[in-house]
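These are my notebook entries on a single structure, set down in the order in which I looked things up.

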Amino acid sequence: MPAAQQPDWRKHAAYDEACQGLASAPPLVTAAEVRGLRRSLSALLTTDALLLQLGDCAESFYECTPWHISEKLRVIDELGDRFSELTGRRVIRVGRMGGQFAKPRSQPTERHGALIIPSFQGHMINSEIATPMTRQPNPERMLWAYDAGDRVQRAMRTHRRGDGRTPETEGPWSSHEALVIDYESRLIRRDPDTDELYLASTHLPWVGERTRQPADAHVALLSAVVNPVGCKIGPTANPDDIARLCAALDPRREPGRLVLIPRMGRDRIQEILPPLVRRVANAGHPVVWLSDPMHGNTVKTRLGLKTRHLDDVITEALRFRDIVEESRQHAAGLHLEVAADEVTECVGGSVGSEDELPRHYTSLCDPRLNAGQALELVEAWAKGTATGGS
Ligand code: PEP
Ligand code: CO
């Protein structure tokens, strides 16, 4: 099957061993956990609960230490708690964590002075260090991704059982873009209780904007497993595409199965999203609609740094909510790129202008909100929520 964005590494000396290692490895998440999240997402639709999914654009192998993981979980807790307090609703929390190690790229190469080298594709594929050697794809990295993912998944499991502050059903669950077919396809396992196939690399895999073609490998892979599955939807989508995609991913129209994540851009969402929501509703798919108000609002500064303006992000999120609710569907919440530390990658809140961006810009890929900026967004969303709350 055609599969976009795959590393060319099949002739690498470590390829077969890496694939075999993954195929015989224990599952990173259990089938019971995956069923738990499916039930939570299904209940979300009937109870008007919310979903908050957040984390790095690209997770780093170097930031899978106990300290880094606990910092990320702290930010998820704080934002999730605040979202819940302000809206008076239950909030299911999902981290972009435990496997978010592979990135689709719009350009396969990049220029450094006179040198043209492969782009960074995430730690599962190559190194962020910009030399021709370190940017070669290395399949052994899939095993390192598995080990790093395992550390994160174990910490998240302990945290879920935690102190009983939030019910275990509210997470934090793991998620990542299921991009590298060699990795994901070898982590499919059978649920020992139901005999069904599930993807054991993460609780909630999603298909990215660049790999969502219904006849291609990524959609086929997620069609074959029972996990809840997400799909990003960019501004080039039309209602027919999305109807086909929903038919492939959710043929039985099961609540809790499908999470659709528009990422259109603050202006384009107005025209493009309404007919998509109507089409999906008419086709009878009980979808969890989530806004990614970041990926359609990326701009470059004068110095060539990628950034996003919090105003644009907030505008898209609120427009999303209005559009989804106009079709009497449930606007379930937000999918965000947020760092655990005080980064200055997006403009707004504590970052007054583009001139302040270089102060603490550490993202391996896209610009992330810091927790304060994310809180402003959550507050803006909550302000317009039509229920009690505090
Ligand atoms: C991402 O979530 O980092 C990403 C690459 O998103 P999209 O597929 O929507 O571009
Ligand atoms: Co990103």
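**Entry 1. Backbone exceptions**

I began with Arg328, which counts as exposed because its relative accessibility is 76%, above the 50% cut-off. I located Arg328 in the loop between α9 (310-326) and β14. I then read its backbone: phi of Arg328 is near 55°, a positive value in a residue other than glycine. I note for context that most residues other than glycine have a negative phi, and that most peptide bonds are trans. I should also record here that this is a predicted model, and I read every entry with that in mind.

I looked up Asp195 next, where phi is near 70°, again a positive value in a residue that is not glycine. Asp195 sits in the loop between β6 (188-190) and β7 (197-199). Is Asp195 buried, partly exposed or exposed? I entered Asp195 as partly exposed, because its relative accessibility is 48%.

I also checked a peptide bond: the one from Gly171 to Pro172 is cis, with omega near 5°. I placed Pro172 in the loop between α4 (140-161) and β5 (173-177).

**Entry 2. The cobalt site**

Which residues coordinate the cobalt ion (ligand 2)? I found Cys57 through SG, His295 through NE2, Glu337 through OE and Asp366 through OD, at 2.1 to 2.4 Å. Written along the sequence, the spacing of these donor residues is C-x237-H-x41-E-x28-D. I traced Cys57 to the loop between β1 (50-55) and α3 (66-87), and Glu337 to strand β14 (residues 331-337); the pair therefore ties together parts that are 280 residues apart in sequence.

I then looked up the accessibility of these two donors. Cys57 counts as buried because its relative accessibility is 0%. Glu337 is likewise buried, at 0% relative accessibility.

**Entry 3. Ligand 1**

I listed the residues that surround ligand 1: Cys57, Arg96, Lys103, Pro104, Trp206, Gly208, Glu209, Arg210, Lys232, Arg263, His295 and Glu337. Cys57, His295 and Glu337 are in this list and are also among the donors to the cobalt ion.

I recorded three polar contacts from side chains to ligand 1. Lys103 has a polar side-chain atom 2.7 Å from an oxygen atom of ligand 1. For His295, the distance from a polar side-chain atom to an oxygen atom of the ligand is 2.9 Å. For Glu337, an N or O atom of the side chain lies 3.0 Å from an oxygen atom of ligand 1.

**Entry 4. Pockets**

I turned to the open spaces and noted a volume of about 880 Å³ for the largest pocket. It is lined by 37 residues, and those closest to its centre are Arg105, Ser106, Lys306, Cys365 and Asp366. Asp366 is also a donor to the cobalt ion. Which element gives the most to the lining of the largest pocket? I found that strand β3 (residues 109-112) does, with 4 residues. By class I entered 18 charged, 11 polar and 8 nonpolar residues for this lining.

The second largest pocket has a volume of about 230 Å³. I counted 16 lining residues, with Arg38, Glu196, Val226, Arg252 and Glu254 nearest its centre. Helix α2 (residues 31-47) gives the most to this lining, with 4 residues. The classes here are 8 nonpolar, 7 charged and 1 polar.

**Entry 5. The enclosed space**

I next looked for closed space. Rolling a probe the size of a water molecule over the atoms shows where empty space is left. How many cavities of 30 Å³ or more are there? The count is 1, and the largest cavity holds about 60 Å³ of space. The elements that give two or more residues to its lining are β1 and α3, and α3 gives the most, with 3 residues. I listed the lining as Leu54, Gly55, Asp56, Lys72, Val75, Ile76, Met97, Val338, Ala339 and Ala340. By class, the lining of the largest cavity has 7 nonpolar, 1 polar and 2 charged residues.

**Entry 6. Trp9**

My last look-up was Trp9, in the segment before α1 (15-23). Trp9 is buried, because its relative accessible area is 1%. I also entered its separation from Cys231: 222 residues in sequence and 26 Å in space, C-alpha to C-alpha.

How values were computed
Residues are numbered from 1 along each chain as its sequence is written. Chains are lettered from A and ligands numbered from 1 in the order in which they are written. This is a predicted model: local features need pLDDT of at least 70, side-chain atom pairs count only at pLDDT 80 or more; totals for chains, interfaces and linings use all residues. Side-chain values use heavy atoms; hydrogens and water are left out. Donors are N, O and S atoms within 2.8 Å of the metal (3.2 Å for Na, K and Ca); water is not among the atoms, so sites may look incomplete. Buried means under 20% relative accessible area, exposed over 50%, partly exposed in between (1.4 Å probe, protein chains only). On a 1 Å grid over the protein atoms alone, a cavity is a set of points where a 1.4 Å probe fits but cannot get out, and a pocket is an open set with protein on both sides within 12 Å along at least five of seven lines; lining residues have an atom within 4 Å of a point. Grid points are joined across faces, edges and corners, and a volume is the space filled by probe spheres set on the points. Ala, Val, Leu, Ile, Met, Phe, Trp, Tyr, Cys and Pro count as nonpolar, Asp, Glu, Lys and Arg as charged, and the others, Gly among them, as polar. A residue is near a molecule or strand if one of its heavy atoms lies within 4 Å of it. A polar contact is a pair of N or O atoms within 3.5 Å; within protein, one must be able to donate a hydrogen and the other to accept it, and residues adjacent in sequence count only if both atoms are side-chain atoms.
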